[in-house]
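User: I would like to learn how to read a beta sheet from strand pairing. Please start with a hairpin and work outward.

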Amino acid sequence: MAVYKRTYRGYSGPLTSPTWRFTVLQRYAFKAVFKSRLLLIGYVACFFAPLALICALYLNQNATLLAMVGQKTGFMKIDAALFLNFLSVQGVLAGLVTAFVGPSLVAPDLTNGALSVYLARPFSRSEYILGKGMVLGTMIGSITLLPGLLAFAVQSSLVGWTWFVDNLYLGVGITLSCLVLIAVLMLMGLAMSAFVRWKIVAGALILASFAAGKGFAAVINEVMRTKIGYFLDVQHLLSTVSGALLHHPVTEGTSPWAAALALVVFCGFLLMLINRKLRVCEVAG
Amino acid sequence: MIAHEDIQLENVSKFYGEVLGVNKVHLNIPPGITSLVGPNGSGKTTLMNLIAGLLQPTRGKISVCGLSPHDPENFFRLVGYATQYDGFPRGLTGWEFVHCYLRLFGFSKIETERLAWEAIERVGLKEAAERRIAGYSKGMRQRIKLAQAIAHRPKVLILDEPLNGLDPLARAETIALFRELGNEGSHVVISSHILHEVDLISDQVVMMSQGYVVAEGQIRGVRDEISDQPMQVLIRCDKPEHLASQLFHHEQVVEARVHADRAGLIVRTRSADSFYRLLNKIALNGVTIESVAPADDDAQSVYEYLIGTEESTK
Amino acid sequence: MNLWKRQLLAIIRIDLARTFFSKRGIWIYLLALAPAIPMFGHWIFGNTENEQLGGDAQIFAGIFQFFYLRIAIFFGCVGIFMNLIRGEMLDKSLHFYLLGPVRREVLVAGKFLSGLIASITIFCGAVLVQWVGMFAHYSPDLLASYMFSGPGMSHLISYLLAAALACIGYGSVFLWAGVRYKNPLIPAAMILVWEGANGLLPAMLKKISIIYWLKSVCPVSIPAPKNNDGEILSLLIFDIDPAPAMVAVVNLLLLAAFVTVWAGIRARRLEIGYGTD
């Protein structure tokens, strides 16, 4: 039946402002991501450690409880090492989230030819990348940055203003470390998803690049009696940068500046990969 | 009578979780060409996959010439299936594709090669056989799938949308091939959207809608059973207006209208037999009738009556 | 030759060609040969004068246990064995097998054997290349005495055996995951975490892993590396008493046989439902 016979009328409702149009993609992508019950359970599980940390922080300052166990001071030391370890745990979980969520963002659009449909609308390539990236960014941020800052705030509220002022560098360090982590993982998820159109393989590649990068770095260091292998270990580079930002330097490996530079180069490479792979082209044939 | 050579489905249902694939299908498909007709999502592919054992029924029983897919060693020697999936193993040429899966049948090397070439020649792809499938056109891919399905000379051939993507010449050749196979006593079960071709090639049709079989049998028989729709008859004659005026007086005639070319009359009647008797009498009253033919006992009309035009446009 | 044998051979032939020569599989070769790159690099460009063969044997053992078994073979087997069934589902070509007169159990066995031949060839071959890269810079006399009078040959055979057993063990598990799960990456990630966290588990649970038995076949015992850079969840820590090598071999073979039979039985219910992604 012809379209006019169905009395077709175009959409005449309010339009999302062009500045925030990328959030439309994000909204729908979230819906698709949380369709998987297993992923939802996994995502919820990512909040166990933050919850445990916040409870521990509370109990650590609870005088009644401490008196019951016969301790005058808290049972754990609240310092940069604690927050660094916390970020390491959440970082591993963030890596897993990236491996499972990242590939489902771009790969299906490329496989099923949906990218050209998106870009045929008033929607730019950068908005597409930003919209898809923000899905990962929001999820990673919610399990790293948000609980990290929450834990810092809880500790500040329990101990007082002086602790907050004295340890403000921790709050800044947590924020910056998480932003670096989010940027790296977001780009990695998008790049792998664009590079390998198979969802499963892309996910495996993200997992493998963490594990294999670390392992291969150790192989180079051992065999060649050098430290240049550390530049291939993304986890180590992130830890080194986080350590420096939290004023708790990592003793072995590269310097924080070298690690930061290596991460910048790595991110640049990922961006280049995304730029090369996320193109709409028509193949005649 | 149900014969052992038939494809039998007894109360077969298939659900994908809560989504209905097909429901309560009772079918008995005899040898010859059978077309599965229905709109997208009506359950044709599910039914074919069930018959071929790629899916297992949630309920019910399926047997093909007395065999079940649970006995693959015998079942799949009997059955050949060209699916609508456009996937092929990577990197293979057309000949390698047909040949490598034929090896699973346990034929000797010489026999395998002979059967592979025979099937490829039968679908007219001999020249392109050594080229990679990745470089094939849509029509060539359809034909190589067909070659793979017929290579082991199955008695039951199931073909999902086999005419899609074929050019007119290839369509004609493929239809001729189906006819040939049907005449050899094989079962050829085809799904198609092109109702005109269904008319041309089918010995019987199975019409499906929303997971249910709504009609089965020969088209004319199916049409006769649709009692709520008056039959249409096209009468070619010299004075259509005069004939129409005479017919209006009779209660069997529901509607009579002059054909667009003004050289005939289209009549809708509740009873075709009574109408033909009436027409004999009228013909004696000075109207020259050149031909009388049913106008709506084709697949298109039956499809529209049973499934509806709205459905077909979805 | 009976029908099953012919069918097995046919399946192996079809799949072997795809595993060995597909572009998609290049990364598996890279993973297998990755340790050889710095080894040859060190041989050609490095200063090897003051190095001890015993020290290099220790480094090789460390690389083999912590990188090769746990990462290279693990992910290599993910790539090879999951591709056998689930990969064909993604390519929408598995139905060509299912429409042949082949029992599903024979199909799974054929696919497992083809994956095994490919993975053992690639990973055991790469062990030999690494061995050459690691030790070839020593003088022929020293090397001959290490290989034929010392423990060299037995170590090399043990490494080859461990690599082959890793392919058998991980291969069977990932083949099963490919048959059982629509997204086999989830079980793969769970197995990775389980195998990695094995050192943290009680003794009884440690034995419910492949890496424990593989470590028992390795000729040189390596202590768990200590973490000092704040990564408390390093996936590379484990330190347990090994089982006798013979017991380890038998257990791994039994595990593989059990899992493969399970996959074969599960394959009977395999249905074709190709998704859109």
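Analyst: This is a predicted model. Begin with the hairpin that E8(B) and E9(B) form, with two residues between them. In its turn, B:Gln210 has a positive phi of about 50°.

User: How many bridges join strand E8 of chain B to E9(B), and do they run parallel or antiparallel?

Analyst: Strand E8 (residues 204-209) is joined to E9(B) by five bridges, and the two run antiparallel. Within this pair, B:Met207 stands opposite B:Ala215 in E9(B). As a general idea, side chains in a regular strand alternate between the two faces of the sheet.

User: What order do the strands of the open sheet have?

Analyst: The six strands of chain B follow the order E5-E6-E7-E3-E8-E9, and the pairing is mixed. Strands E5 (79-82) and E9 (212-217) of chain B are at the edges; each has a single partner strand, so one side of each lacks a neighbour in the sheet. On average, neighbouring strands are turned by 15° against each other, direction ignored.

User: How does E5(B) pair with strand E6 of chain B?

Analyst: E5(B) and E6 (residues 156-160) run parallel and are joined by four bridges. Here B:Gly80 has B:Leu157 of E6(B) opposite.

User: Which strands does helix H5 of chain B lie across, and which does helix H6 of chain B touch?

Analyst: Helix H5 (residues 138-150) of chain B lies across E5 and E6, at about 170° to E5(B). Helix H6 (residues 168-183) of chain B packs on the sheet and touches E3 (32-37), E6 and E7 (187-191). The direction of H6 makes about 145° with that of E7(B).

Key. Residues are numbered from 1 along each chain as its sequence is written. Chains are lettered from A and ligands numbered from 1 in the order in which they are written. This is a predicted model: local features need pLDDT of at least 70, side-chain atom pairs count only at pLDDT 80 or more; totals for chains, interfaces and linings use all residues. Side-chain values use heavy atoms; hydrogens and water are left out. Two strands pair if DSSP finds at least two bridges between them. Axes are lines fitted to C-alpha atoms, for helices over the stretch in contact, and angles run from 0 to 180 degrees between N-to-C directions. Contact means heavy atoms within 4.5 Å.
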